[in-house]
Amino acid sequence: MKLNQFYNDLKDSYLFHTVAVRTAEYAAKNPGKKIIKLGIGDVTLPLPAVCVKAMKAACDEQLTKEGFVGYGPYEGFEFLRNAISAYYGSRGTKIKASEIFVSDGAKSDIGNILDLFDRDNAVLVPDPVYPVYVDTNVMCGRKIIYANGNEDNGFLPAPDPSVKADLIYICSPNNPTGAAYDKKGLEAWVKYALDVGALILYDAAYEAFITKDLPRSVYEIDGARGCAIEFCSFSKNAGFTGERCAWCVLPDELVFEGKKLSSMWLRRQSTRYNGAPYVIQRGAAAALTEEGLLQIKKNLDYYKENAKIIGGCLDRLGIYYTGGVNSPYIWLKCPDGLGSWEFFDLLLDKCQVVGTPGEGFGECGKGFFRLTSFGSHENTLEAVGRIEEAFR
Ligand code: MLT
């Protein structure tokens, strides 16, 4: 038996796992100190009531012969695929229910989709970005090219025609920087992908946070149906981080080497996966009803208020930051030229506030730091008070 040698090329532990371990070590050494966690992007508000009601009703159905549901369809239940299709439709984007595939998470889909592609493909990854894109490709030994994000390009790198990529990741609004592409920015990527015959893997997990007139789906761009798969999730909008439900879109036009990608994906999913639970899919469908969308908006407004509170504190301290407007994340420059992990330790030690070191999202994240607005108002205010006291 031989092990997958590519695991040797990974960092020892997944970013958020490292943060959790270091936080736990600090907590063990400092009992009684109240630690405020603004690290991992996990929601804190309860689920929208309409979702819980739907899940309870779906549970009750399981007590009856008529209502009992066993294995569901591999692609997801029709009621949810139709609801997602209508969600796109309400914004003027036409996606057929048959092009939508439901799953237990955008993170899983983003990793699993790689089963469809040859190892020799060159992968283009923006830097900084959600570490799952890099790690899942390192695990199978794929070559990675980076598109650097920085203060000069507003953390929104543009395609470089001299670089030849086969798979391109785009996360907009970006995790961790909160930067979101406008139509022109995305058009450039779609044009590049079509020109070089590449496929865009578009992570739209934070689309619901977009407030400005910016694309919420890659399919708002002409030509994207022929070069992009979109991933989206119920985690950050409806707060389903614990429930687990997501979807991806594989338009009919995605045909490479005579093969329809959606058929390959169905082959993959039906072989390795039995679908998200029925009860959860009922809850997810309720999130997309009129009432559900209103309840989601209320929760997102609450988190946006937290982002404003954090931004206000950084403004007063004169610390550079981006994000927090079309995104739940605030991306700040570590004060006094500190490194990301140095600032992580300092913030934990001085303020007992946990954030995420920017360099965990890539080389370009060095010297930066991410705070999330997903905490409670009370904790966010307390964290901000402590930070202001310590760094003014
Ligand atoms: C994050 O904090 O970046 C996210 O919560 C991670 C995730 O969604 O998997």
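Trainee: What share of the 392 residues in the chain is made up of buried residues, and what makes a residue buried?

Mentor: Buried residues account for 55% of the 392 residues in this predicted model. The cut-off is a relative accessible area under 20%.

Trainee: Why is the chain called as compact as a globular protein of that length?

Mentor: Set the two values side by side: the radius of gyration is 21 Å, and the globule rule gives 21 Å for 392 residues, so the chain is as compact as a globular protein of that length. The C-alpha atoms fill a box of roughly 60 × 55 × 55 Å along the principal axes. Eleven helices and 15 strands are found in the chain.

Trainee: How many of the contacts between residues at least 6 apart in sequence join residues at least 24 apart?

Mentor: That share is 74%. A pair counts as a contact when heavy atoms come within 4.5 Å.

Trainee: And what does the outside look like, in surface and charge?

Mentor: The accessible surface comes to about 17,700 Å², with 53% of it belonging to carbon and sulfur atoms. As for charge, there are 44 positive and 49 negative charges, and their mean positions are 2 Å apart.

Trainee: Which domains is the chain divided into?

Mentor: Domain 1 takes in 9–47 + 293–391, and domain 2 covers 49–290. Their C-alpha centres lie 25 Å apart. Across the boundary, 34 residues of domain 1 are in contact with 44 residues of domain 2.

Trainee: What makes helix α8 mostly covered?

Mentor: Count its residues: eight of the ten in α8 (residues 278–287) are buried. Among them are Tyr-278, Ile-280, Gln-281 and Gly-283. The run from Ala-284 through Ala-285 and Ala-286 to Ala-287 is buried as well. The cover over these residues includes α2 (49–61), α3 (78–89), β2 (100–103) and α9 (290–317).

Trainee: Why is Cys-248 called buried?

Mentor: The cut-off for buried is under 20% relative accessible area, and Cys-248 has 0%, so Cys-248 is buried. This cysteine lies in strand β8. Leaving aside neighbours within four places in sequence, its contacts include Glu-99, Ile-100, Phe-101 and Trp-265. Asp-109, Ile-229, Glu-230 and Phe-231 are also in contact with Cys-248. By C-alpha atoms, Cys-248 is 21 Å from Gly-178, and the two are 70 residues apart in sequence.

Trainee: How do you know that Leu-314 counts as buried?

Mentor: Its relative accessibility is 3%, which is under 20%, so Leu-314 counts as buried. Leu-314 lies in helix α9. Not counting residues up to four places away in sequence, Leu-314 touches Ile-319, Tyr-321, Ile-330 and Leu-332. Ala-228 is 86 residues from Leu-314 along the chain, and their C-alpha atoms are separated by 37 Å.

Trainee: What makes Glu-382 partly exposed?

Mentor: Partly exposed sits between the 20% and 50% cut-offs, and Glu-382 has a relative accessible area of 33%, so the label fits. Glu-382 is found in helix α11 (residues 377–391). Beyond neighbours within four places in sequence, Glu-382 is in contact with Lys-34 and Ile-36. Asn-82 is 300 residues from Glu-382 in sequence, and 43 Å separates the two in space, C-alpha to C-alpha.

Trainee: Why is Asp-336 called exposed?

Mentor: Exposed means over 50%, and Asp-336 has a relative accessible area of 73%, so Asp-336 is exposed. Asp-336 is in the loop between β12 (329–333) and α10 (340–351). Its phi is near 55°, a positive value in a residue other than glycine.

Trainee: What is phi of Arg-244 near, and where is the place of this residue?

Mentor: Phi of Arg-244 is near 70°, again a positive value in a residue other than glycine. The loop between β7 (228–233) and β8 (246–249) holds Arg-244. With a relative accessible area of 29%, between 20% and 50%, Arg-244 is partly exposed.

Trainee: Which residues does a cis peptide bond join?

Mentor: One such bond joins Asp-127 and Pro-128, with omega about 5°. Pro-128 sits in the loop between β3 (122–127) and α5 (131–138). Another joins Ser-172 and Pro-173, where omega is about -5°. Pro-173 is in the loop between β5 (167–171) and α6 (183–196).

Terms used:
Residues numbered from 1 in each chain as written. Predicted model: local features only at pLDDT ≥ 70, side-chain atom pairs only at ≥ 80, totals over all residues. Heavy atoms only, no water. Helix = DSSP H or I, 4+ residues; strand = E, 2+ residues; numbered from the N terminus. Rg over C-alpha atoms; globule rule 2.2 N^0.38 Å. Buried < 20%, exposed > 50% of the residue type's maximum accessible area, 1.4 Å probe, protein only. Areas by Shrake-Rupley, 256 points an atom, 1.4 Å probe, with all protein chains shown as cover. Lys, Arg positive; Asp, Glu negative; His and termini not counted. Charge placed at Lys NZ, Arg CZ, Asp CG, Glu CD. Domains from an automatic or database assignment.
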